[in-house]
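Me: Could you walk me through this structure feature by feature? I would like the general idea behind each one before we look at the case.

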Amino acid sequence: MRVERLAHRARAAARRCAAVPIPGPALPVLGALPGLAAAVALALCAAGVERPAAVRAASRPVSGVHAAPRPTIVPRSAWLTDGTAPASPPPPRYDDRVVAVFVHHTDSPNAYDCAETPRIIRYLYAGQTGARDWDDIGYNFLVDRCGIIYEGRAGGVERAVTGAHTQGFNHRTAGIAAIGTFTEGTPVPRVMSDAIAALAAWKLGLSDTDPRARVRLVSSNSRSRFSAGTAAALPALAAHKDAFMTSCPGASLSALLPEIRRLAARLQGRA
């Protein structure tokens, strides 16, 4: 029943967002997302991903002094229907903790009704587990244009689930995908960027990591920007392009990352 209430709340919020005019350039053009367009969008920005490596020890979240409130997260069951999920999914893989998050965009159409977000995520999931033959959707979380946060990859939102979102840097990181395409000149809804900040603040707060900091991550794949085994100093709240040869998450969303980092730090109670 709780899952149904959360899904109903997400749909209701999406309808309100679509129905109420939002001033300023932050509001993309409303419209329905055609099924064919969603299917074409399965190319994604996830060209730079890899399968997660061997199972590691299950993570234990750290209660840091700069913990942020957990935002509302709609569970997988709101978008992954019984007919979509595999009968025997592989077990999740874990790292010890999450010390960085990578921000992506899905490179899919922007003019969608947020009530359709579960269907859009199912298309993304089908593309990654079908044509790409992955064991699950690569992103740990997805955020739609109404600021609604969805659980992506299985394993538990509070745990350090090893994703498949940033080639070479899936370990000790989480992937947050903004649903849409945010190339130069494309408005990013404020509720979306605020939701990314709130999610990053909470997730990084579990390891007491400052979203404005740089962290040491070791590349596991030479097809990233860094040869395998190289220790790289990357932003704790990073763009996909910081670690892989891509323009993801697009120029517009990338330009907002400094502001998103500052908001996430404030939500953690940092000066």
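Reply: Happy to. Let's start with aromatic pairs: rings of Phe, Tyr and Trp (its six-membered ring) pair if their centres lie within 6.5 Å, with planes under 30 degrees apart counted as stacked, over 60 as edge-to-face and the rest as tilted. This is a predicted model, where local features need pLDDT of at least 70 and side-chain atom pairs count only at pLDDT 80 or more, while totals for chains, interfaces and linings use all residues. Residues are numbered from 1 along each chain as its sequence is written, and side-chain values use heavy atoms, leaving out hydrogens and water.

Me: How many aromatic pairs does the structure hold?

Reply: There are two aromatic pairs. A pair of rings is described by the distance of the centres and the angle of the planes. F169 and F226 are edge-to-face, at 5.9 Å centre to centre with 85° between the planes. They link distant parts of the chain, 57 residues apart: F169 is in the loop between β4 (149-151) and β5 (173-178), F226 in the loop between β6 (214-218) and β7 (231-235). Helices (H or I, at least four residues) and strands (E, at least two) are DSSP runs, numbered from the N terminus.

Me: At what angle do α4 and α5 pack?

Reply: Two packed helices are described by the angle between their axes and the distance between the axes. Here α4 (residues 190-205) and α5 (residues 251-267) pack at about 50°, with axes 8 Å apart. Axes are lines fitted to C-alpha atoms, for helices over the stretch in contact, and angles run from 0 to 180 degrees between N-to-C directions. The angle makes α4 oblique to α5 (under 35 degrees is roughly parallel, over 145 roughly antiparallel, 65 to 115 roughly perpendicular, the rest oblique).

Me: Which backbone features should I look at?

Reply: Most residues other than glycine have a negative phi, and most peptide bonds are trans. D133, in the loop between α3 (117-129) and β3 (141-143), has a positive phi of about 60°. D208 has a positive phi of about 55° and lies in the loop between α4 and β6. The peptide bond from C248 to P249 is cis, with omega near 15°, and P249 is found in the loop between β8 (237-239) and α5.
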